[in-house]
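Reader: I am new to this structure and would like a close look at a single part of it before anything else. Please start from one helix contact and then show me how it fits into what surrounds it.

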Protein chains: 2
Amino acid sequence: MSKALSIFDTTLRDGTQGEGISLSADDKLKIAKKLDQLGVHYIEGGIPGSNSKDIEFFKRVQDFGLSAKITAFGSTRRKDSIAEHDANLKRVIESGVQVATLVGKSWDFHVYTALQTTLDENLAMIYDSIAYLKRQGLEVIFDAEHFFDGYKNNPEYALAVMHKAEEAGADVLTMCDTNGGTMPHEVHDIVSVLAGRVTTSRLGIHTHNDCELAVANSLSAVRAGAEQIQGTMNGYGERCGNANLCSIIPNLQLKLGYEVLEPERLMQLTNTARYVSEIANVYMPINQPYVGTSAFAHKGGIHVSAILRDSRTYEHITPETVGNRQRVLVSELAGQSNILSKAQELGIPFDPENEDTREVISKIKDLEHQGYQFEGADASLELLLREANGDLKELFVFESFKMLVEKSAGKPVISEAFVKLNIDGTSIYTAAEGNGPVNALDNALRKALITYYPGLQEIHLSDYKVRVLDDKDATASKVRVLIESRNYENSWSTVGVSGNVIEASWEALVDSLRYALIGQTKREDYTEIPSAARGLVNH
Amino acid sequence: MSKALSIFDTTLRDGTQGEGISLSADDKLKIAKKLDQLGVHYIEGGIPGSNSKDIEFFKRVQDFGLSAKITAFGSTRRKDSIAEHDANLKRVIESGVQVATLVGKSWDFHVYTALQTTLDENLAMIYDSIAYLKRQGLEVIFDAEHFFDGYKNNPEYALAVMHKAEEAGADVLTMCDTNGGTMPHEVHDIVSVLAGRVTTSRLGIHTHNDCELAVANSLSAVRAGAEQIQGTMNGYGERCGNANLCSIIPNLQLKLGYEVLEPERLMQLTNTARYVSEIANVYMPINQPYVGTSAFAHKGGIHVSAILRDSRTYEHITPETVGNRQRVLVSELAGQSNILSKAQELGIPFDPENEDTREVISKIKDLEHQGYQFEGADASLELLLREANGDLKELFVFESFKMLVEKSAGKPVISEAFVKLNIDGTSIYTAAEGNGPVNALDNALRKALITYYPGLQEIHLSDYKVRVLDDKDATASKVRVLIESRNYENSWSTVGVSGNVIEASWEALVDSLRYALIGQTKREDYTEIPSAARGLVNH
């Protein structure tokens with residue numbers, strides 16, 4: 001198919017309407033840069049008329065030299081007034097963008113209820129505002145809010161709105177399913193009608209996910225003639241979110257045959273999705289299509305054996321096309337064959353017929369039964385496998401730890417930890433303060449180990465998660481702690497489980513450091529200056 | 001539309017293939033009971049041939065007297081063997097179900113690669129297995145694995161498979177998009193072809209969400225003639241999950257006009273979805289369509305004012321139809337109007353022109369800036385609003401707390417907390433142990449308060465979440481703790497933020513108890529026996 005499609009990303013505007021999503025101007029600039037590298041064609045940065053953060057974004061983004069077109073969002077002029085005097089339109093122009101995205105009403109019910117004006121005045125508001133921005137030399141995208149609901153209620157009026165916008169010179173007429181309630185076949189029918197009527201403007205689509213159909217509705221619209229697709233990274237947005245570009249882009253490109261992005265850029269999709277989720281500080285569902293960590297994860301024993309024979313048996317695309325990867329999960333459902341293929345992946349030789357092998361498998365199953373979860377803690381699993389294989393030595397013999405948190409009215413809280421270990425017959429007792437109990441424990445533990453293992457200096461903990469396993473009685477039940485650690489090149493995850501969050505954290509901390517030190521030998525000569533070039537082996 | 005559709009729930013079988021999902025026989029029985037109350041027509045309980053847990057489920061579920069039909073999953077007989085001697089088919093029969101769901105191959109590539117047999121032998125495997133189960137008096141649903149991929153690769157063979165299954169007496173021929181890679185228009189075309197060929201069997205659809213199209217594909221299939229829809233609660237399942245029944249059911253019923261469930265049962269949808277998510281111990285995305293906590297949450301200031309005028313302006317259905325509810329979020333994006341409408345919802349009188357009102361709004365914004373999030377902690381927000389309004393008295397004056405965790409090799413970990421408070425001039429110093437540090441703090445705090453407020457006995461903490469706010473350096477950065485508490489009738493959530501997880505937990509704990517005691521007066525007479533009938537006021 002030769003028709004060119006353009007991707008319009010509104011993560012920074014409509015995406016921030018999602019519950020729990022809040023982006024600073026800095027966050028927005030970082031995301032814009034990343035989206036530009038991915039190759040989206042339009043980036044909607046915000047509403048310059050609404051707050052100073054967005055004004056700052058539009059000012060600073062000009063120095064970035066992005067390839068994507070930056071667009072600012074505004075509304076049609078106020079009723080019974082003049083576009084040239086409209087403060088909101090003025091701020092769109094002052095933002096310095098080349099493209100304005102202007103929202104207007106196309107549902108008669110909303111004209112009466114929300115705007116509280118006449119149908120004719122709404123048409124005039126649309127015409128005047130677009131024509132004014134066009135006279136200022138801007139490219140104008142007209143967002144027809146509630147277009148599908150409007151069409152279903154009063155088709156003549158919804159079409160009249162689009163004709164008016166086209167007449168005023170709008171470059172793109174975007175049909176918005178604002179409430180997310182339209183079905184894909186309705187989208188197809190309605191877009192087809194409009195596609196048969198417009199002559200100069202192109203058509204755009206903007207959908208919401210309230211029926212879990214935003215992606216399908218976007219594809220429906222493209223098949224009926226829409227050429228510009230609005231959406232957000234990871235589907236962020238109000239209520240159930242906007243259309244998820246992370247699914248729409250590969251569907252258009254890998255399934256419907258459009259070249260939306262250059263193939264090398266498509267390989268940045270997973271990475272971009274995860275980056276945006278980190279900046280937005282929003283949990284990414286593991287089962288998110290295409291880019292989630294489970295998207296190509298196989299658990300069923302039969303599936304796993306077929307996958308190892310030919311990945312097309314249970315994968316609809318090659319994960320690398322979108323920058324993701326295949327994973328084989330270790331779990332009770334999968335059993336021995338998955339654990340063995342994990343060992344194989346790690347290059348640990350395991351004989352399935354061996355007694356030791358059966359022992360480690362039964363140990364892993366037993367730990368899972370206690371609440372450990374190795375699907376999200378690859379490093380702890382690797383330690384268990386290496387331990388069973390005998391190629392892992394203990395770093396130290398644990399003697400005790402104590403952890404104290406103290407808070408008095410009007411004074412800052414204090415956290416202290418005391419750790420007692422024995423390394424090769426030498427008893428080591430350290431004490432450290434920290435910003436919190438886990439940090440204090442981490443500090444005391446490192447203090448004990450770092451003279452022997454200077455490589456630990458390069459490591460820091462990058463994420464810390466606590467999950468209550470049985471929420472019948474939350475503060476008296478088991479918790480699972482997952483810790484993610486990083487050095488300059490890699491990250492790894494470890495797990496700890498206990499009725500006590502501090503003990504569970506300790507377990508995961510110890511595993512993290514043990515993993516970091518795989519393949520490293522203890523430094524015996526304390527007088528030697530640690531070499532900065534000394535890397536960590538194996539990860 | 002008069003055609004009867006049936007809902008086939010496979011949460012307990014295919015749903016458990018999802019990463020991180022593991023259900024005990026007890027869990028499965030609880031979920032089956034709940035699904036039956038919702039009114040699904042078929043419940044697939046598991047694979048009796050695979051493990052003892054599933055065998056236990058099928059045995060125990062017979063005593064429940066459920067209205068839904070229980071079905072067991074199995075595969076067609078092994079190649080080059082006899083159905084009557086097949087161990088897997090035997091276990092399906094022995095499980096005692098009235099309905100068998102049998103999976104077979106319909107993609108020639110899989111016959112060669114995975115089964116490693118001939119196309120003819122595969123047809124024989126299908127025919128023999130179905131015919132055998134039919135002779136045993138079972139209703140048989142035939143799951144044609146990879147039917148759409150098979151049809152695209154070799155349409156004659158895929159159709160031959162279905163004809164063979166129909167000839168053998170299958171009651172339902174289910175077309176599976178096993179890899180989840182098929183587009184909705186393809187589903188429509190292919191289902192239409194098959195619908196034109198079958199005469200006695202009904203058609204079923206089973207889709208996966210790898211392209212974020214499982215719901216759309218299910219609807220497409222229904223529009224083309226499918227009458228039975230397979231899916232899972234919350235879309236649990238391997239990789240990106242199965243088709244989400246929580247979206248499909250309301251789409252069929254509220255959008256496409258089928259009566260799938262009785263309307264009163266549809267109102268149990270949200271509750272059922274959340275219950276299953278709790279039992280499965282899997283995080284439910286807040287923006288999940290129809291049943292998520294954000295599904296009808298409004299954040300944008302303009303949207304909120306329109307919603308308050310007429311909810312149809314930004315809601316595609318009435319939330320109560322599916323048992324959900326509208327929420328107005330308090331956030332920086334929304335500002336004053338949302339906070340005021342929240343206060344209105346709570347019946348707290350606030351004058352927007354008043355200086356005190358502006359002060360509380362600026363305090364809330366400041367706390368949000370520090371990392372507090374009131375979108376998920378309604379109770380803490382209510383406390384702030386009531387405090388500002390002057391109708392909240394302090395329970396105690398805080399003096400200090402200490403928290404100690406101690407672990408020695410080979411001994412159990414010990415947690416102790418010491419709390420010093422002043423209530424009306426009386427200094428109270430309590431000490432308590434606990435199953436973990438937060439539990440110890442909770443115990444010590446209650447010990448100090450319970451003689452004054454016996455109502456606290458009825459309250460327990462039901463969930464505890466920790467979120468690292470800045471993951472640059474996880475154990476030395478701010479954390480947000482959310483605590484959910486319950487009494488017999490209600491639940492409420494509170495928040496605490498600190499660099500120290502213990503301090504943050506303390507804050508959230510104190511808020512939880514303060515909220516529980518709104519409207520309660522202090523018990524002055526210690527000799528009185530607390531009345532069991534004494535309820536908690538206001539929640």
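Which residues in α9(A) meet which residues in α10(A)?

Author: This is a predicted model, and everything below should be read in that light. In α9(A), the residues Val215(A), Ser218(A), Leu219(A) and Val222(A) meet Ser247(A), Ile248(A), Asn251(A) and Leu252(A) of α10(A). Sorted by class, the residues of this contact comprise five nonpolar and three polar ones, with no charged residue. The two helices concerned are α9, residues 214–223 of chain A, and α10, residues 245–255 of chain A, and their axes come within 10 Å of each other while crossing at roughly 40 degrees. An angle of 65 to 115 degrees would count as roughly perpendicular and one under 35 degrees as roughly parallel, and α9(A) and α10(A) are therefore oblique to each other. As for its hand, the crossing of α9(A) and α10(A) is right-handed.

Helix α9(A) also has a sheet as a partner, for it lies across β6 (172–177), β7 (202–207) and β8 (228–231) of chain A, and it runs at about 170 degrees to β7(A). These strands belong to a barrel of chain A, which eight strands close in the order β1-β2-β3-β4-β5-β6-β7-β8, with parallel pairing. On average, and with direction ignored, neighbouring strands of this sheet are turned by 25 degrees against each other. Strands of a sheet pair through backbone hydrogen bonds, and they do so either parallel or antiparallel. Elsewhere in this barrel, strand β4 (residues 99–105) of chain A runs parallel to strand β5 (residues 139–145) of chain A, and seven bridges join the two. At one position of this pairing, Lys105(A) stands opposite Glu145(A) in β5(A). Another helix on the sheet is α3, residues 87–94 of chain A, which lies across β3 (69–75) and β4 of chain A and runs at about 170 degrees to β3(A).

To place the starting contact in the whole chain, it helps to know that chain A is divided into domain 1 (6–280), domain 2 (297–388) and domain 3 (397–516). The centres of domain 1 and domain 3 of chain A, taken over C-alpha atoms, are separated by 47 Å. A second helix pair of chain A, made by α16 (residues 378–389) and α18 (residues 501–516), can be set beside the pair of α9(A) and α10(A): here the axes come within 9 Å and cross at roughly 70 degrees. That angle makes α16(A) roughly perpendicular to α18(A), and the crossing of α16(A) and α18(A) is left-handed. From α16(A), the residues Ala379(A), Ser380(A), Glu382(A) and Leu383(A) take part, and from α18(A) Asp511(A), Arg514(A) and Tyr515(A). By class, this contact of α16(A) with α18(A) has three nonpolar, one polar and three charged residues.

Turning to chain B, eight strands close into a barrel there as well, in the order β1-β2-β3-β4-β5-β6-β7-β8 and with parallel pairing. Within this barrel, strand β3 (residues 69–75) of chain B and strand β4 (residues 99–105) of chain B pair in the parallel sense over five bridges, and Thr71(B) has Val99(B) in β4(B) as its bridge partner. Helix α2 (residues 52–61) of chain B packs on the sheet and touches β2 (42–46) and β3 of chain B, its direction making about 140 degrees with that of β2(B). Helix α5 (residues 119–135) of chain B, in turn, lies across β4 and β5 (139–145) of chain B and runs at about 175 degrees to β4(B).

Finally, the two chains touch each other, in a contact that takes 99 residues from chain A and 97 residues from chain B. On the side of chain B, the largest share, 11 residues, comes from strand β11 (residues 397–408) of chain B. That side of chain B has 38 nonpolar, 37 polar and 22 charged residues. Strand β11 (residues 397–408) of chain A pairs with β11(B) in the antiparallel sense over nine bridges, and in β11(B) the bridge partner of Ser408(A) is Ser400(B).

Conventions:
Residues are numbered from 1 along each chain as its sequence is written. Chains are lettered from A and ligands numbered from 1 in the order in which they are written. This is a predicted model: local features need pLDDT of at least 70, side-chain atom pairs count only at pLDDT 80 or more; totals for chains, interfaces and linings use all residues. Two residues are in contact if their C-beta atoms, placed from the backbone, lie within 7 Å. Helices (H or I, at least four residues) and strands (E, at least two) are DSSP runs, numbered from the N terminus. Ala, Val, Leu, Ile, Met, Phe, Trp, Tyr, Cys and Pro count as nonpolar, Asp, Glu, Lys and Arg as charged, and the others, Gly among them, as polar. Two strands pair if DSSP finds at least two bridges between them. Axes are lines fitted to C-alpha atoms, for helices over the stretch in contact, and angles run from 0 to 180 degrees between N-to-C directions. Angles under 35 degrees count as roughly parallel, over 145 as roughly antiparallel, 65 to 115 as roughly perpendicular and the rest as oblique. A crossing is left-handed if the near helix is turned anticlockwise from the far one by less than a right angle, and right-handed if clockwise. Domain bounds come from an automatic or database domain assignment.
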